[in-house]
Amino acid sequence: MTQHHNDNSDRPAFYAVLDIEMLYRLDAVESYRKLDPSPCEVIRYPFRATCAAALLTFSVVDGIFEFGSLHSWAGDDEPALLGALFDQLRMLPDHKLVSWGGLSMDLPVLRVGAARHHLRLPRQLIKDARSGRDWLHLDLGKEHHCGTYIHMSEMAVALNLPVKFADRASSVRKLLETGKLERLRDVPIADVLTTSLLLQAQLESHGELSSARAAQIMTLREVASRRPHARYADYLGRVEKRLSMEVLAEAQAFVASAA
């Protein structure tokens with residue numbers, strides 16, 4: 001695939017895309033309700049615990065995309081899971097953390113989890129953390145906020161990108177209780193994949209990435225190769241093929257118009 005340099009991007013950029021899955025801490029909720037006779041109907045983030053997480057990394061240098069790594073964790077041992085995630089983020093000090101809606105849920109849940117288990121947060125998870133003038137966390141949900149919250153699935157469907165192709169979030173507790181940890185790991189993996197594809201589209205439109213399509217094709221290929229036994233692996237292969245055919249059709253149309 002032809003690669004083009006982009007003069008608008010003059011320094012390397014590194015990204016770590018994060019998603020977590022959570023469960024309600026029902027015992028803590030009941031303890032709180034004994035203190036509050038009319039508690040909020042919505043169970044707020046202090047009463048949630050992390051049971052799965054995924055982290056996908058990539059870089060952009062001179063407008064050119066390079067896939068990095070894919071990590072995921074799942075289980076009912078929250079301190080061990082958070083410790084593994086935090087250790088991985090500490091190994092990526094130059095990576096900007098990216099999420100969809102992370103400011104309102106994922107990051108607060110991780111922070112309260114760190115406090116509950118006496119863990120030290122990596123830099124990217126500290127509130128309002130910066131490196132010089134740059135924020136260490138980018139919330140794509142906030143980026144697309146326009147007076148109302150936009151769901152990741154809305155943006156993905158609008159751009160014809162894959163979304164919510166693993167088990168539903170409502171199945172997380174059952175997957176954990178039945179020991180189906182590989183399928184549980186796939187839930188946040190699906191979300192970090194979609195978030196990465198949407199981030200690549202934004203980077204291209206901002207002049208920071210030469211080709212979102214090339215990056216998206218490579219990301220789909222890499223994730224499928226790392227999860228070959230996942231129920232969605234064949235689906236990702238079909239999406240990759242569709243995007244590749246779209247790129248070929250656009251190239252052929254360009255050649256025809258220049259003839």
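Trainee: In this predicted model, is Glu 78 buried or exposed?

Mentor: Glu 78 counts as buried, because its relative accessibility is 6% and the cut-off for buried is under 20%.

Trainee: Which residue does Glu 78 pair with in a salt bridge?

Mentor: The general idea comes before the case. Side chains of opposite charge can pair when their charged atoms come close. Here the partner of Glu 78 is Arg 116, and their closest N and O atoms are 2.9 Å apart. Glu 78 belongs to helix α2 (residues 78-90) and Arg 116 to helix α3 (residues 106-117), so this salt bridge ties together parts that are 38 residues apart in sequence. Arg 116 itself counts as partly exposed, at 23% relative accessibility.

Trainee: How many salt bridges are there by this rule?

Mentor: The count comes to 14. Another of them joins Arg 231 to Asp 167, with 3.0 Å between the closest N and O atoms. This pair links distant parts of the chain, 64 residues apart: Arg 231 sits in the loop between α8 (212-226) and α9 (233-258), and Asp 167 in the loop between α5 (152-158) and α6 (172-177). Arg 231 is exposed at 61% relative accessibility, whereas Asp 167 is buried at 16%.

Trainee: Where do Arg 173 and Glu 177 lie?

Mentor: Both are in helix α6, 4 residues apart, which is about one turn of the helix. Their side chains form a salt bridge with an N to O distance of 3.9 Å. Arg 173 is partly exposed, with a relative accessible area of 32%, and Glu 177 is exposed, at 59%. Elsewhere, salt bridges with shared partners join Glu 182, Arg 185, Asp 186 and Arg 227 into one network.

Trainee: Now the nonpolar side. Which residues have the most contacts inside the largest nonpolar core?

Mentor: Again, the general idea first. In soluble globular proteins, nonpolar side chains tend to be buried together. In this structure the largest nonpolar core has 40 residues, and Phe 58, Leu 199, Val 223 and Leu 236 have the most contacts inside it. The elements that give two or more residues to this core are β1 (13-24), β2 (48-61), β3 (64-74), α5, α7 (181-205), α8 and α9. Of these, α7 gives the most, with 8 residues.

Trainee: What is Leu 199 in contact with, leaving aside its neighbours within four places in sequence?

Mentor: Leu 199 then contacts Tyr 15, Val 17, Phe 58, Val 98, Leu 138 and Leu 140. Apart from the largest core lies another, of 18 residues, including Leu 81, Leu 82, Leu 89 and Leu 97.

Conventions
Residues are numbered from 1 along each chain as its sequence is written. This is a predicted model: local features need pLDDT of at least 70, side-chain atom pairs count only at pLDDT 80 or more; totals for chains, interfaces and linings use all residues. Side-chain values use heavy atoms; hydrogens and water are left out. A salt bridge is a side-chain nitrogen of Lys or Arg within 4 Å of a carboxyl oxygen of Asp or Glu. Buried means under 20% relative accessible area, exposed over 50%, partly exposed in between (1.4 Å probe, protein chains only). A nonpolar core is a set of buried Ala, Val, Leu, Ile, Met, Phe, Trp, Tyr and Cys residues joined through side-chain atoms within 4.5 Å. Contact means heavy atoms within 4.5 Å.
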